[in-house]
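Biologist: Please take a close look at one part of this structure and walk me through it slowly. I am in my first year, so explain each term as you use it.

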Amino acid sequence: MAELNFHHLRYFQAVANEGNLTRAAERLHVSQSAVSTQIRQLEERLGQALFERRGRGLHLTEAGRIALDYADAIFASGRELLATLNQR
């Protein structure tokens, strides 16, 4: 089984929170095409569409809402790990 790419998740999380590729790209300091590529690769890896494109906005699908919950939990765990180990 191929592993999950955390860059894909980070970019996905940014787009989900911004609702827009351009704003997410600006926030991440990367090109819009880089963000779009990462999202497409994540969708291919998961075998699910994560967004519905409506006009210029992106809206999470049910799979996208589930993926966002996991992404939020994964990155929260990472922050917790850093905080715990940095307290020593």
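Modeller: Phenylalanine 51 is buried, with a relative accessible area of 4%, where buried means under 20% relative accessible area, exposed means over 50% and partly exposed lies in between (1.4 Å probe, protein chains only). This is a predicted model, in which local features need pLDDT of at least 70 and side-chain atom pairs count only at pLDDT 80 or more, while totals for chains, interfaces and linings use all residues. Residues are numbered from 1 along each chain as its sequence is written, and side-chain values use heavy atoms, with hydrogens and water left out.

A search of the whole structure for aromatic pairs finds 1; rings of Phe, Tyr and Trp (its six-membered ring) pair if their centres lie within 6.5 Å, and planes under 30 degrees apart count as stacked, over 60 as edge-to-face and the rest as tilted. The pair joins phenylalanine 12 and phenylalanine 51, whose ring centres are 5.5 Å apart and whose planes stand at 55°, so it is tilted. Because phenylalanine 12 lies in helix 1 and phenylalanine 51 in strand 1 (residues 51-54), the pair ties together parts that are 39 residues apart in sequence; here helices (H or I, at least four residues) and strands (E, at least two) are DSSP runs, numbered from the N terminus. Phenylalanine 12 also counts as buried, at 0% relative accessibility.

Both rings belong to a wider setting, since Phe12 and Phe51 are among the residues with the most contacts inside the largest nonpolar core, which has 20 residues. Such a core is a set of buried Ala, Val, Leu, Ile, Met, Phe, Trp, Tyr and Cys residues joined through side-chain atoms within 4.5 Å. Helix 1 (6-18), helix 2 (21-28), helix 3 (32-46) and helix 4 each give two or more residues to this core, and the largest share, 6 residues, comes from helix 1. In soluble globular proteins, nonpolar side chains tend to be buried together.

Another of the core residues with the most contacts is Ile39. If its neighbours within four places in sequence are left aside, isoleucine 39 is in contact (heavy atoms within 4.5 Å) with Tyr11, Phe12, Val15, Phe51 and Arg53, and so both members of the aromatic pair are among its partners.

For contrast, histidine 29 sits in the loop between helix 2 and helix 3 and counts as exposed, at 71% relative accessibility, while isoleucine 74 in helix 4 is partly exposed, at 30%.
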